[in-house]
Amino acid sequence: MSEQGVVEGPDGLPRCPWGLESETMADYRVYHDTEWGRPVHGDDALYERVSLEAFQSGLSWLTILRRREGFRAAFADFSIKKVAEFTEADEARLLADPGIIRNRAKIAATIANARAAAALAPGELSELIWSHAPASDGRPVPRTFADVPAITPESTALSRDLKKHGFRFVGPTTAYALMQACGLVNDHLADCHIRDAV
């Protein structure tokens, strides 16, 4: 992992280095500044994030970010209730949809995860995920990318609990990326201008 600390953007504001890749990747900057690390609650909203993190596995997050509207259209705006009712015909439709990543295993996992989430009580998925948020005090504030872990005991426990409920493509690394994206942890670097806002 890079030893790089914050970098200054064209607007003069310091950001995590991944949030300022290049001018051709301004999507990252917007995502970094307005979404990443901000708390996400609600079963459908978290199901969407679980799904997108699973699709991201092995790919660049930018690839997913630029297809997010395609994913939302393909997966009924990530309504757990609707996706849980998808049929084999829906799976075939998804495999032919150029607006998403056409990976059979990930598509099947996304449908299976909706069924697993639908089997939970309302609010239970959100509660399950947030129950793994570590106490913020005592967590070291990362100064460089090298200080940001890929896996933590909490992400390992979250992965295990999700799998116990039938979720797929939710290994500890994916679980930690979910925790970072959804605000369970604040991994904006110490000098990033967004850190205090989240």
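The legends below describe a predicted model, from its overall fold to several close-up views. Residues are numbered from 1 along each chain as its sequence is written, and side-chain values use heavy atoms, with hydrogens and water left out. Because this is a predicted model, local features need pLDDT of at least 70 and side-chain atom pairs count only at pLDDT 80 or more, while totals for chains, interfaces and linings use all residues.

**Figure 1. Overall fold of the protein, with 10 helices and two strands.**
Read along the sequence, the elements follow the pattern β-β-α-α-α-α-α-α-α-α-α-α, where helices (H or I, at least four residues) and strands (E, at least two) are DSSP runs numbered from the N terminus. The C-alpha atoms fill a box of roughly 50 × 35 × 25 Å along the principal axes. The radius of gyration of the protein is 17 Å, which agrees with the value near 16 Å for a compact globule with 198 residues; the radius is taken over C-alpha atoms, and the globule rule is 2.2 Å times the number of residues to the power 0.38. Buried residues make up 48% of the 198 residues, with buried meaning under 20% relative accessible area, exposed over 50% and partly exposed in between (1.4 Å probe, protein chains only). Among contacts (heavy atoms within 4.5 Å) between residues at least 6 apart in sequence, 66% join residues at least 24 apart.

**Figure 2. Aromatic pairs that involve helix H1.**
The structure holds nine aromatic pairs, counted where rings of Phe, Tyr and Trp (its six-membered ring) have centres within 6.5 Å, with planes under 30 degrees apart classed as stacked, over 60 as edge-to-face and the rest as tilted. Tryptophan 18 and tyrosine 28 form an edge-to-face pair, 5.9 Å centre to centre and with 85 degrees between the planes. Tryptophan 18 lies in the loop between strand S2 (14-15) and helix H1 (26-34), and tyrosine 28 in helix H1, so this pair ties together parts that are 10 residues apart in sequence. Tryptophan 18 is buried at a relative accessible area of 13%, and tyrosine 28 is buried at 10%. A tilted pair is formed by tyrosine 31 and tryptophan 61, at 5.5 Å centre to centre and 45 degrees between the planes; this pair links distant parts of the chain, with tyrosine 31 in helix H1 and tryptophan 61 in helix H3 (residues 61-65), 30 residues apart. Tyrosine 31 has a relative accessible area of 3% and is buried, as is tryptophan 61 at 12%. The buried residues of H1 are Tyr28, Arg29, Tyr31, His32 and Asp33, and what covers them includes S2, H2, H3 and helix H10 (172-181).

**Figure 3. A cluster of aromatic rings and the nonpolar core.**
Ring pairs link Tyr47, Phe55, Phe71, Phe75, Phe78 and Phe86 into a cluster. The charged end of arginine 93 sits over the ring of phenylalanine 86, 5.3 Å from its centre; the criterion is that NZ of Lys or CZ of Arg is within 6 Å of the ring centre and within 35 degrees of the ring normal. Phenylalanine 75 touches Phe55, Val83, Phe86, Leu94, Ile100, Ile107 and Thr110, not counting residues up to four places away in sequence. Of the 51 residues in the largest nonpolar core, Phe71, Phe75, Leu94, Leu125, Ile129, Leu158 and Phe167 touch the most other members, a core being a set of buried Ala, Val, Leu, Ile, Met, Phe, Trp, Tyr and Cys residues joined through side-chain atoms within 4.5 Å.

**Figure 4. Surroundings of aspartate 43 in helix H2 (residues 43-56).**
Aspartate 43 counts as buried, at 18% relative accessibility. Leaving aside neighbours within four places in sequence, aspartate 43 is in contact with Ile80, Ala121, Pro122, Gly123, Glu124, Leu125 and Ser126. A polar atom of the aspartate 43 side chain lies 2.6 Å from the backbone nitrogen of glycine 123.

**Figure 5. Two loop residues with positive phi, aspartate 77 and phenylalanine 169.**
Most residues other than glycine have a negative phi. Aspartate 77, with phi near 55 degrees, lies in the loop between helix H4 (68-74) and helix H5 (80-84) and counts as exposed at 57% relative accessibility. Phenylalanine 169, with a positive phi of about 55 degrees, is found in the loop between H9 and H10 and counts as partly exposed at 34%.

Technical notes: A polar contact is a pair of N or O atoms within 3.5 Å; within protein, one must be able to donate a hydrogen and the other to accept it, and residues adjacent in sequence count only if both atoms are side-chain atoms.
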